[in-house]
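Student: I have a structure open and would like to talk it through. Could you start with whichever side chain seems a good entry point?

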Amino acid sequence: MSTWNYVVTAHKPTNVTHSCVGNFTSPQELNLIVAYAFFPLKLLFPRPNFLALALAFGFVSVSPFYDNIKARKCTRIEIHLLTSQGLQPMLDVPIYGRIATLELFRPHGEAQDFLFIATERYKFCVLQWDPETSELITRAMGDVSDRIGRPTDNGQIGIIDPDCRLIGLHLYDGLFKVIPFDSKGQLKEAFNIRLEELQVLDIKFLYGCLKPTIVVLYQDNKDARHVKTYEVALKEKDFVEGPWSQNNLDNGADLLIPVPPPLCGVLIVGEETVVYCSANAFKAIPIRPSFTKAYGRVDADGSRYLLGNHAGLLHLLVITHEKEKVTGLKFELLGETSIASTISYLDNAVVFIGSSYGDSQVIKLNPQPDAKGYYVEVLDRYVNLGPIVDFCVVDLERQGQGQVVTCSGAYKDGSLRVVRNGIGINEQASVELQGIKGMWSLRSSTDDPFDTFLVVSFISETRILAMNLEDELEETEIEGFNSQVQTLFCHDAVYNQLVQVTSNSVRLVSSISRELLNEWNAPSGYSVNVATGNATQVLLATGGGHLVYLEIGDGTLREVKHAQLEYEISCLDINPIGENSNYTHLAAVGMWTAISVRIFSLPELNLIAKEQLGGEIIPRSVLLCSFEGCSYLLCALGDGHLLNFQVSMSSGELTDRKKVSLGTQPITLRTFSSKNTIHVFAASDRPTVIYSSNKKLLYSNVNLKEVSHMCPFNSAAFPDSLAIAKEGELTIGTIDDIQKLHIRTIPLGEHARRICHQEQSRTFAICSLKNQSNADESEMHFVRLLDDQTYDFTSTYPLDIYEYGCSILSCSFSDDPNLYKWMLREDGTREIQSECGHHGHILALYVQTRGDFIVVGDLMKSISLLIYKHEEGAIEERARDYNANWMSAVEILDDDVYLGAENNFNLLTVRKNSEGATDEERSRLEVVGEYHLGEFVNRFRHGSLVMRFTDSEVGQIPTVIFGTVNGVIGVIASLPHEQYVFLEKLQSNLRKVIKGVGGLSHEQWRSFNNEKRTSEAKNLLDGDLIESFLDLSRGKMEEVSKAVGVSVEGISKKVEELTRLH
């Protein structure tokens, strides 16, 4: 039974809709704050009563493409620091609400900016950065909803007076809400002022006014557009007629840009004109017809602005002036970018372009044009999957792991995106080699940028491979090495030397002459069991718990210290993680019988920290490493578990212990570098790359089966490569970018609307739309076939004018007595003929089938269940949900439970009531699950993004993938009831420990919400909140653990299993 479900995000929202620049984290630091993903609802759906009227009288055509690409509200903010190297991420936080307003402001007496956020459910908060904890603190919060009032058609507007006297909100038609500041910058009680203008298009505060003054752009009942100004009288709580107004503007005018001192006034941007307006000046300039989507101010005095339009063209608008007198306007094309939804000028001609329809960009404005005559240079791109209009799940490599191929973006930024979980290894070379016990790469000299040798160790010999002049790996010799025994450890050493550790000795060899320079021999009767080292130090353990520390000089190996431990030693590491990359003061030692990890000081070998690991599984690999300036100790156990600790470089103290499961077999840890950043490769039956983002350790699967050993191999022929030992072969390959999901972009230059895959012909078919750049901006629609390996077009079928593809699928007609028949005509050709149908829907937009059952998602009439009767050749309604939900996607979870998403960003599950006592009960689909997702879902598909392992608890859990307008890829997993009950209890207790940013309530956020009612979420759990348990500090983990009544390790194990769903 699929009644109990778990909803989790595999790919976060990437549609950027708001951005702002200011000094948020420090008075000296410039920050870019980005919000994902809001757009007014005016293009989502007509109001219900209007649609019914329109359909009845036939004067509006309803597009079959209600897979909305317009309705967006953001649920996540990112804070970046502007540095000389580019944008550096500082914080990425979820917001329990869809953000309608995001503005920076600086109250009187403050040295840095505050952040104002208002949400679509009429909550607001003021946030401040705490530099000591690097967290957001809430300065103010509240609710600005009114009991009566008609929500605005054009979306909520939030604005802040430039002199920080008040915050203004336009939330309901005919009302302007004011939140005043007091003299200390604190918010006072809000009040409403009646606004005569009902169809408000935009409102802004004017600069340079003695009293707070707004300018309102509105449309009258004859569709003419005007602007009007009002002074806000705070004492009287009313409007006073403003200093000026302007009637009969461009009919496409919909954007106001307030101009700061010394010029003041406002720019009014229309489809065909740009107007500058103030109390004593009016200047206009014609422009080529376009819809301006976003603007960004360049100069503090407001004399230059960047404008982005619907075609992705970026223009510069210049206000020419003599001192404070405006003399005219200039409008110049700078170049082409992604279609901008927000523009933020950063510094030094560098600009952030946030996009809802394509990838966001950081661009540079050059003083000289390029060959195209453009001044725009793209410096960086930020992948955006949104809007995902459709997608399919395929296993192109036939490895049992799904890939999601999405129809992403819109208009000229339309593309296909291939999304897969895990990190790929791109094989460059391979050779069959059985029984590899270890691998190390060596350089021919200390200052050589590339590796020359690859040392491969076997149980009774060591073989050395090197690159020849033909860039091929061939066997060679290093005379000073002992090749007749197994090598336990190898490393480059200072002074152009190499070090080899075997069970008998440590050998120091010249990397230039390859001759033996010095040797340290193990004491008689003892052999070396494990060893580690770096460029100047060697640490080894012999039988009997002896720990020996050596230092490397120019041609010398010197035993510095020996220590006798009470138990045998299982693993060692002295990887330098301090400022000196060749020397360390800390050594990590894993113990056999004691099942512990210890930190010793070097060179003294004094014990300075000890951590009991618990259980009976010994540590098999330890590694000291540094991520994003934080020092860690990683400790891998023999059963595939990994513990990580934060390490104090001064005291060696281990804190913040966390445990994750990476596989079922022993793990070997090694560092490697990718794009100048150090990561860790965990070789095991489920190889994993460990990396850090926003000071949080992340684990990403490598798309390989069992890996026994790995070492970096950065040769001239194979730069930035890895040598990997797996299943009887040695492979050299490059590694993908280090991230959990990998996204490949296939640019189309047109808008893909529907997609399906045909296994037999290895092709994708898409329905697409291309906007013509001619005068009437007409559309062309196509059906295209693409090769599923190369993604090249193999065939194109243009549709006739007024034709467009609504749905596409791959099927076979052989022996298929289905609803449409493949009939033979008299002339020998064939055609599809309708056999039967079903009426009574407003607009049946979404259909899913299972056997003879048909589930229909209707535009207005929720979900209905139909059945096809073979004997009668007819379709009959079995049951329906009688709620008036406006569906956006449906899917069948099992024979009795059906999943739906509707246009208020909610998910619901309904159940067929087969056991009902009466016909009336059986005809009603019972709503069994409700949940506010906060995302507009366009498509559900059965499938999985990850390989399913049968030995895993979650291996048999069925999953559905969904794609949304904001670029989210999510997973819905149907859980056993016992597991659901446990996770529901965990979620309830996590809510008490993890507080929402700005005081926003998680429980309220996830409550089912539409225009008529709000009800608590049921039978659907928030996987994002549950999985955040793994990011808590140890203290908070224990607090949750105590409340739930399960150990921290027990909860962690269950939650880690769930992370394997995505």
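Tutor: Let us start with Arg76, bearing in mind that this is a predicted model: Arg76 counts as buried because its relative accessibility is 9%. Its salt-bridge partner is Glu78, and the closest N and O atoms of that pair are 2.3 Å apart.

Student: And Glu78, is that one buried or exposed?

Tutor: Glu78 counts as buried as well, because its relative accessibility is 13%, which falls under the 20% limit for that class.

Student: Which other residues share a salt-bridge network with those two?

Tutor: Lys12 and Asp92 do, since salt bridges with shared partners join Lys12, Arg76, Glu78 and Asp92 into one network.

Student: How many salt bridges turn up in the whole structure?

Tutor: A search of the whole structure finds 40 salt bridges. One of them joins the side chains of Arg784 and Glu750, with an N to O distance of 2.7 Å. This pair links distant parts of the chain, for Arg784 belongs to strand S63 (residues 779–787), whereas Glu750 sits in the loop between strand S60 (741–747) and strand S61 (751–758), and the two are 34 residues apart.

Student: Are Arg784 and Glu750 buried or exposed?

Tutor: Arg784 is buried, and Glu750 is buried too.

Student: What about Arg922 and Asp919, how far apart are they along the helix?

Tutor: Arg922 and Asp919 both belong to helix H2 (residues 919–922), and because they are 3 residues apart there, about one helical turn separates them. Their side chains meet in a salt bridge of 2.4 Å, taken from N to O. Arg922 counts as partly exposed because its relative accessibility is 33%, while Asp919, with a relative accessible area of 58%, is exposed.

Student: Switching topic, how is the protein divided into domains?

Tutor: There are four entries in the division: domain 1 covers 17–46 + 68–143, domain 2 covers 390–422 + 754–798, domain 3 covers 425–739, and domain 4 covers 822–1059.

Student: How far apart are the centres of domain 3 and domain 4, and how many residues take part in the contact?

Tutor: The C-alpha centres of domain 3 and domain 4 lie 47 Å apart, and the contact takes 9 residues from domain 3 and 11 residues from domain 4.

Student: What area is buried there, and which residues of domain 3 supply the most?

Tutor: About 950 Å² is buried between domain 3 and domain 4, with carbon and sulfur atoms giving 48% of that area. On the side of domain 3, Arg657, Lys658 and Arg686 supply 45% of the area buried against domain 4, which is more than any other three residues supply.

Student: How many salt bridges and polar contacts are there between those two domains?

Tutor: The count between domain 3 and domain 4 is 0 salt bridges, whereas 3 residue pairs are in polar contact, with both residues of each pair at pLDDT 80 or more. Strand S52 (residues 654–661) gives the most to the side of domain 3 that touches domain 4, contributing 6 residues. By class, that side of domain 3 has 1 nonpolar, 2 polar and 6 charged residues.

Student: Now the backbone. Where are the cis peptide bonds you would point to?

Tutor: A cis peptide bond joins Pro261 and Pro262, with omega about 10 degrees, and Pro262 lies in the loop between strand S17 (255–258) and strand S18 (266–269). Another cis peptide bond joins Gly386 and Pro387, with omega about -15 degrees, and Pro387 lies in the loop between strand S28 (376–382) and strand S29 (390–394).

Student: Which residues other than glycine have a positive phi?

Tutor: Asp720 is one of them, with phi near 50 degrees, and it lies in the loop between strand S57 (709–713) and strand S58 (721–726). Asp720 counts as partly exposed because its relative accessibility is 46%. Asn1019 also has a positive phi, of about 60 degrees, and its place is the loop between strand S79 (1014–1015) and strand S80 (1020–1022).

Student: Last one: what does the side chain of Ser341 contact?

Tutor: The side chain of Ser341 makes a polar contact of 3.4 Å with the side chain of Ser356. Ser341 lies in strand S25 (residues 340–347) and counts as buried because its relative accessibility is 13%.

Methods:
Residues are numbered from 1 along each chain as its sequence is written. This is a predicted model: local features need pLDDT of at least 70, side-chain atom pairs count only at pLDDT 80 or more; totals for chains, interfaces and linings use all residues. Side-chain values use heavy atoms; hydrogens and water are left out. Domain bounds come from an automatic or database domain assignment. Contact means heavy atoms within 4.5 Å. Buried area is the accessible area (1.4 Å probe) that two parts lose on being put together, summed over both. A salt bridge is a side-chain nitrogen of Lys or Arg within 4 Å of a carboxyl oxygen of Asp or Glu. A polar contact is a pair of N or O atoms within 3.5 Å; within protein, one must be able to donate a hydrogen and the other to accept it, and residues adjacent in sequence count only if both atoms are side-chain atoms. Helices (H or I, at least four residues) and strands (E, at least two) are DSSP runs, numbered from the N terminus. Ala, Val, Leu, Ile, Met, Phe, Trp, Tyr, Cys and Pro count as nonpolar, Asp, Glu, Lys and Arg as charged, and the others, Gly among them, as polar. Buried means under 20% relative accessible area, exposed over 50%, partly exposed in between (1.4 Å probe, protein chains only).
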